[in-house]
Amino acid sequence: MNLRAVYSLAVVLTRSQVRGTQRSKLLARIFGEPRVILPVDLALLLGLGTIGYVIISSIGNELQGLLIPILPKALAGIPSAIMFMAILFGVLYEISQPIQSLSTDLVNWLPITPTEYVAGSTISESYIYSFVLCLLLGAALGPSLAFGMGWIWLGAAALSVLALFVGAFVVEILDATTNRISSSFYRKSGRSGIIFRLIATVALLVFIQLLFSGYIIGYLLQSIIQAALFAWFVPVVWPSLAVLSSSQGNTLNFLLFSSSSVVFGVVLFALAAWFRGRFWVPVPVSIKLSTGTYRPTKFRLPLVGAAETALIQKDLRSLTRRREMARFLAIPFVLAISMGISILPLSTGSTSQTPGFIFVTALLYTLPVAIFVGALSMTSIGQEGYAVWHIYIAPIKPSQIFRAKVLFAACLGLIFSVALLTIFSFLMSTVAANYWTILLIGVLVVMEASTLGIYYAARFPDFREMVRSRYVGVWGSLLGLATALGASLLTIMPAAVSLVLYGELTPVSTIATVAVGILVVVAAAKLAVRQITGLFKNIRI
Amino acid sequence: MVEALRVENVVKSFGNLMAVKGVSFTLESNQILGLLGPNGSGKSTLMKTMVGVITPDAGAITVQGVNVASNPIEVKRIVGFVPESPRLYEFLSGSEYLDFVATVHGLGPDAKRERIPEFLKAFDLEGRENELIHGYSQGMKQKLAIIAGILHRPRILILDEPLNALDPRSARIVKDLIHKLRDDGVPTVFSTHVLEIADAVCDRIIIMYNGTTLADGTVEELRSKAHKEGSSLEEVFLTLTGTSDTREVVEELTR
């Protein structure tokens with residue numbers, strides 16, 4: 001193995017991943033230089049360690065007594081947690097890449113062996129995630145030193161580094177195999193393959209998002225050690241078991257599990273290199289959607305022209321067929337589940353029939369609706385990517401582009417808002433009793449968020465195709481979301497005042513709510529059309 | 001002859017970089033005009049101003065008598081444009097893509113049914129039209145972009161390096177098509193780096209350098225201007241652009 005080539009490759013891949021995902025030019029420049037990451041990691045580790053040591057030393061004996069039995073378990077949890085995270089983020093990185101970038105990997109034409117590639121790629125991935133490793137180890141360093149568990153911490157640190165590499169090897173294997181399997185799968189399955197990929201990607205994204213909710217993180221941390229003890233025969237938990245054995249003074253088990261972990265890592269490395277060698281060059285996926293002869297589209301949406309219908313149809317295909325767009329489809333599921341978690345426990349209490357509760361419910365309902373529609377509309381122009389030149393040269397007016405983009409976001413938003421409300425009306429009697437009032441507010445919020453979103457989409461478009469593309473500038477997304485939420489609040493206000501003052505929705509408050517909604521939509525539409533006109537005067541790519 | 005395109009004193013800057021510095025010319029409807037010039041000479045920027053996707057800082061452009069600045073939508077309706085290295089909607093199939101382009105250009109179902117299969121067959125894409133564009137080769141994508149540019153029967157063609165990545169048969173079809181359209185009164189503005197192609201296809205050539213027009217005329221007129229009678233267009237081009245120091249560069253590279 002040419003170690004110089006491995007090192008160079010690791011540096012290039014690290015730079016590529018950091019610069020490709022980091023939108024801040026300053027941060028990309030700083031962290032795109034691998035030499036900078038190591039001192040930052042060390043500073044983080046030592047800084048957190050020192051802070052932790054000072055805090056632990058200053059707390060009372062009683063609290064220390066509570067922490068001492070928890071610490072070995074926490075240390076044992078780090079290797080498993082870091083491995084899990086490396087796999088999860090590695091997979092997430094792969095599915096967030098625009099499809100165009102896959103076949104242009106320079107490794108396909110440079111004289112690098114599969115073993116060198118796997119070594120370089122895993123070093124790069126481990127290096128990028130070393131920040132999280134140092135965060136976890138740094139948090140555990142202070143208490144470990146204060147409680148005289150420095151040696152256990154050292155073992156946990158070494159095994160965590162190994163676990164990070166094991167996670168990176170797993171990602172390499174998944175990357176190589178899914179590349180080949182998906183090529184054959186798509187070739188045979190066609191359109192159903194795309195649907196399957198969409199469902200699988202959305203499910204994975206929902207899972208990842210929910211994983212980071214407080215409830216599930218707490219549950220997971222508690223379960224890791226129990227699961228490790230139960231599943232001692234599964235190699236991925238061996239590093240954790242080695243740390244646990246070390247904390248219990250069981251040297252034999254420590255040596256057994258830690259040496260087995262090293263062997264497991266070596267086997268995975270060899271496997272990853274073998275898979276890379278076998279499936280070296282990514283095969284361009286050829287997906288046949290149908291076998292029939294061409295038949296022109298005659299479908300036309302009511303109230304709009306053929307051009308708008310064609311644009312909407314194209315955007316819908318973009319949303320469902322591009323794997324990097326799947327995250328937008330995951331939003332409603334994540335938001336609906338999060339909303340359910342926060343609102344359902346309240347609905348059984350004695351206050352659930354009060355006007356205040358109805359207001360809170362309506363507010364909590366408009367929030368995910370506004371976020372989902374806002375995300376769709378704000379990204380609707382930037383997601384055209386480098387193919388946006390088609391829109392520039394098409395003989396279509398800015399008002400037609402506006403109508404198509406608004407309708408696309410609003411239609412999907414309406415489906416989501418009706419579905420969400422209907423589900424919650426089955427679960428909560430208060431929602432069912434006020435169904436039409438809340439739905440009216442929902443419709444208004446959908447229209448507001450979609451029109452405002454298009455304005456920001458045209459004001460701050462980001463056509464760059466990169467990993468986790470935003471499609472809208474950072475300021476655009478922040479301002480857009482704030483404005484959409486502000487407009488929602490403004491719309492809901494007359495109804496809320498009526499509910500609080502009179503306990504019901506008066507005709508005047510309903511009219512006021514509708515009037516506010518229409519005013520926001522009309523003003524935002526005018527601004528959006530003006531912005532689109534300006535945008536499409538000069539091509540930006 | 002009818003004037004198909006008029007470019008008057010067009011100026012375009014990007015920050016400190018002046019990409020086009022007061023270019024003027026006219027094109028008649030029986031002409032194929034070749035735009036030649038080294039990389040960064042302003043060819044693509046100039047072509048984009050003709051289609052109305054870049055607004056010039058100064059100057060005016062009229063296409064078939066329609067002012068690009070005041071009526072860009074009408075210009076886009078009558079122009080067929082193929083950009084350099086076009087990026088397509090790769091999540092669409094070939095036929096979905098062409099259907100989309102045809103629809104936004106206002107073609108009805110009958111016209112689409114008649115023209116799309118015809119073009120797919122002519123460019124050897126028949127049988128692959130139901131596959132996602134993502135799986136197409138670069139040449140196939142280029143063919144689709146060219147079909148998309150001519151599908152709506154434009155009254156003028158503006159093609160930026162259209163023969164890139166095309167196989168010989170398709171390149172020949174494009175060249176013959178350009179000649180046939182010229183004979184039918186549809187002129188073409190055509191940029192290329194392949195001077196043999198420019199020599200064979202174009203009736204007239206403009207050499208651009210640093211955003212200005214260095215020479216304008218037939219190949220013979222350019223030879224005469226460069227005092228290179230009987231020489232190849234490549235010799236003429238290198239002489240006019242002052243970039244004929246190739247021998248020294250090669251010697252430097254192989255030392």
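Let's start with helix 5 of chain A, which covers residues 114–146: its 33 residues reach 45 Å from the first C-alpha to the last, close to the 48 Å expected at 1.5 Å a residue. Keep in mind as you look around that this is a predicted model. Helix 5 of chain A isn't straight, though, since it bends by about 45 degrees at A:Tyr129. It is also mostly covered, with 25 of its 33 residues buried. Past the end of helix 5 of chain A comes A:Gly148, which has a positive phi, near 70 degrees.

Now zoom out to the whole of chain A. You'll count 19 helices there and 0 strands. Of its 541 residues, 43% count as buried. The contact pattern is worth a look too: take the contacts in chain A between residues at least 6 apart in sequence, and 83% of them join residues at least 24 apart.

For a pair of helices in that chain, go to helix 18 (residues 474–502) and helix 19 (residues 507–535) of chain A. Their axes sit 8 Å apart, and the two pack at an angle of about 170 degrees. Anything over 145 degrees counts as roughly antiparallel, so helix 18 and helix 19 of chain A get that label. Which residues make the contact between them? Helix 18 of chain A supplies A:Ala487, A:Leu490, A:Thr491, A:Pro494, A:Ala495, A:Val497 and A:Ser498, while helix 19 of chain A supplies A:Ser509, A:Ala512, A:Thr513, A:Val516, A:Gly517 and A:Val520. Sorted by character, the residues of this contact come out as 8 nonpolar, 5 polar and no charged.

One of those residues deserves a closer look. A:Ala487 is found in helix 18 of chain A. Is A:Ala487 buried or exposed? It has 27 other C-beta atoms within 10 Å, and a residue with 20 or more counts as buried, so A:Ala487 is buried. Setting aside its neighbours within four places in sequence, A:Ala487 is in contact with A:Glu448, A:Leu452 and A:Val520. You can also check A:Ala487 against A:Val516: they are 29 residues apart along the chain, and their C-alpha atoms are separated by 8.7 Å.

Next, hop over to where the two chains meet. Chain B puts 34 residues into the contact, and chain A puts in 34 residues. On the chain B side that touches chain A, the elements giving two or more residues are helix 1 (43–51), helix 2 (72–78), helix 3 (94–104) and helix 4 (109–122) of chain B. The residues on that side of chain B split into 16 nonpolar, 8 polar and 10 charged.

Helix 1 of chain B is mostly covered, with 8 of its 9 residues buried. Those buried residues are B:Lys43, B:Thr45, B:Leu46, B:Met47, B:Lys48, B:Thr49, B:Met50 and B:Val51. After helix 1 of chain B comes B:Gly52, with a positive phi, near 90 degrees.

Chain B has strands as well, and B:Leu36 lies in strand 3 (residues 32–36) of chain B. B:Leu36 counts as buried because it has 27 C-beta neighbours inside 10 Å. Leaving out neighbours within four places in sequence, B:Leu36 is in contact with B:Ala198, B:Ile205, B:Ile207 and B:Phe237. Of these, B:Ile205 is 169 residues from B:Leu36 in sequence but 7.1 Å from it in space, C-alpha to C-alpha.

A couple of backbone oddities come next. Most residues other than glycine have a negative phi. B:Gln64 has a positive one, near 50 degrees, and isn't a glycine. You'll find B:Gln64 in the loop between strand 4 (58–63) and strand 5 (66–67) of chain B, and it is partly exposed, with 18 other C-beta atoms within 10 Å. B:Asn210 also isn't a glycine, and its phi is positive at about 50 degrees. B:Asn210 lies in the loop between strand 9 (204–209) and strand 10 (212–217) of chain B; it is partly exposed, with 15 other C-beta atoms within 10 Å.

Last stop: B:Ser224, in helix 8 (residues 219–225) of chain B. B:Ser224 counts as partly exposed, having 13 C-beta neighbours inside 10 Å. B:Ser224 and B:Lys121 are 103 residues apart along the chain, with 43 Å between their C-alpha atoms.

Terms used: Residues numbered from 1 in each chain as written. Chains lettered and ligands numbered in written order. Predicted model: local features only at pLDDT ≥ 70, side-chain atom pairs only at ≥ 80, totals over all residues. Helix = DSSP H or I, 4+ residues; strand = E, 2+ residues; numbered from the N terminus. Buried ≥ 20, exposed ≤ 12 C-beta atoms within 10 Å, placed from the backbone. Contact = placed C-beta atoms within 7 Å. Nonpolar A, V, L, I, M, F, W, Y, C, P; charged D, E, K, R; others polar. Expected span 1.5 Å × (residues − 1). Bend = angle between axes of the 7 residues up to and from the residue. Axes fitted to C-alpha atoms, helices over the stretch in contact; angles between N-to-C directions. Parallel < 35°, antiparallel > 145°, perpendicular 65-115°, else oblique.
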